[in-house]
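This report describes strand pairing, core packing and side-chain interactions in one protein model. The sequence and coordinates are shown first.

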Amino acid sequence: MPSFHYMRGFAFVIVLCTMLSLEACTEEREHVAPAIHPRDSVSMMVTYGVNTLISDSGVVKYRIVAEEWEVNQNRNPSRWIFEKGLLLEQFDLAMHVQSYIQCDTAYYFDVERLWKLRGRVRILTSSGVRFSSEELYWDERRKEFYSNQFSHLITPDKELKGNRFRSDDKMTKYSVRYTRGYFGRGDFGDSPRENMSKAEADSAKQHGRGQAMPRRLNKNQ
């Protein structure tokens, strides 16, 4: 990729040649050179087809998959850009996927250590918690996730939906505001009697109120 100084020098040569050609012409004409893109738009690195394994203490624990990875430290603030999607996976010792994070677009602001995930954000944690939304922030400094978009959280024992989500980075402590649903396991599908054990049912039958027998009312009553 040509450097900014090379592009600026090349543009200067074009402008100089244009000025010399103007002096040879009898009729003056105004020529405008094409605008030079600011340095702010120049990426430091662009990598395609990323599929990288990351090890910790000699053990492979993570994988990054992205169709395109752009690193731009000239933007303010500087950032990594994953315009065509991102998948982060975590493995256990048997190399099975233990948890993952995926989205359609991702931005990582390296100075702030802040991730911005957008478009079909999906998360699965090692404890079985599932999360989905259209936008999610991951603050590495504060060790927390948060979103102001509609979010859907499913845990092993409940389901939450709302427009304000906040959690620690392990999704073990979380809160959802403006909740649209809270469902505990067994709340739907089975009647209370079906959820009772046989001993509980027999006890209820023995000590409960017996069947009411019809009787004739006295006319004087």
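In the hairpin formed by β7 and β8, 5 residues lie between the strands, and G128 adopts a positive phi near 90 degrees. This is a predicted model, in which local features need pLDDT of at least 70 and side-chain atom pairs count only at pLDDT 80 or more, whereas totals for chains, interfaces and linings use all residues. Residues are numbered from 1 along each chain as its sequence is written, and side-chain values use heavy atoms, with hydrogens and water left out.

**Strand β8 and its partners**

Strands here are DSSP runs of E with at least two residues, numbered from the N terminus, and two strands pair if DSSP finds at least two bridges between them. β7 and β8 run antiparallel and are joined by 9 bridges; L114 stands opposite D139 of β8. β8 also pairs with β10 in the antiparallel sense, over 4 bridges, and R130 has I154 in β10 as its bridge partner. With strand β9 (residues 144–147), β8 shares 3 bridges, again antiparallel, and W138 is bridged to F145 in β9. β8 and β9 form a hairpin with 4 residues between them, where K143 in the turn has a positive phi of about 55 degrees.

A residue counts as buried under 20% relative accessible area, exposed over 50% and partly exposed in between (1.4 Å probe, protein chains only). Because 7 of its 10 residues are buried, β8 is largely enclosed by the rest of the structure.

**Nonpolar cores**

A nonpolar core is a set of buried Ala, Val, Leu, Ile, Met, Phe, Trp, Tyr and Cys residues joined through side-chain atoms within 4.5 Å. The largest such core has 26 residues, of which L86, W115, L117, L136, F145, F165 and M171 touch the most other members. At least two residues of this core come from each of β2 (59–72), β4 (86–91), β5 (97–103), β6 (105–109), β7 (114–124) and β8 (130–139). Another core, of 6 residues, lies apart from it and includes I81, Y107, L114 and Y137.

Contact means heavy atoms within 4.5 Å. Leaving aside neighbours within four places in sequence, W115 is in contact with F82, L86, A106, Y107, Y108, L136, Y137, W138 and E140.

**Aromatic residues**

Rings of Phe, Tyr and Trp (its six-membered ring) pair if their centres lie within 6.5 Å; planes under 30 degrees apart count as stacked, over 60 as edge-to-face and the rest as tilted. The structure holds 9 aromatic pairs. In one of them, F131 and F165 are tilted, with 4.6 Å from centre to centre and 35 degrees between the planes. This pair links distant parts of the chain, with F131 in strand β8 and F165 in strand β12 (residues 164–168), 34 residues apart. Both F131 and F165 are buried.

One aromatic cluster is formed by W69, W80, F82, Y108, W115, W138 and F145. W138 belongs to strand β8. Not counting residues up to four places away in sequence, W138 touches L88, I101, R113, L114, W115, E144, F145 and D169. The C-alpha atoms of W138 and R166 are separated by 10.0 Å, although these residues are 28 apart along the chain.

**S151 in β10**

S151 is found in strand β10 (residues 151–154) and, at 2% relative accessibility, counts as buried. Discounting residues up to four places away in sequence, S151 touches F131, S132, S133, L160, K161, G162 and F165. A polar atom of the S151 side chain lies 3.0 Å from the backbone oxygen of Q149.

**Salt bridges**

A salt bridge is a side-chain nitrogen of Lys or Arg within 4 Å of a carboxyl oxygen of Asp or Glu. The structure holds 9 salt bridges, among them the following.

| Salt bridge | N to O distance |
|---|---|
| K84 and E68 | 3.6 Å |
| R113 and E140 | 3.5 Å |
| R166 and E144 | 3.0 Å |

R166 lies in strand β12 and E144 in strand β9, so the pair ties together parts that are 22 residues apart in sequence. R166 is partly exposed at 41% relative accessibility, whereas E144 is buried, with a relative accessible area of 14%. In the bridge between E140 and R113, E140 is partly exposed, with a relative accessible area of 22%, and R113 is also partly exposed, at 38%.

Conventions. Polar contact = N/O pair within 3.5 Å; in protein donor to acceptor, adjacent residues only side chain to side chain.
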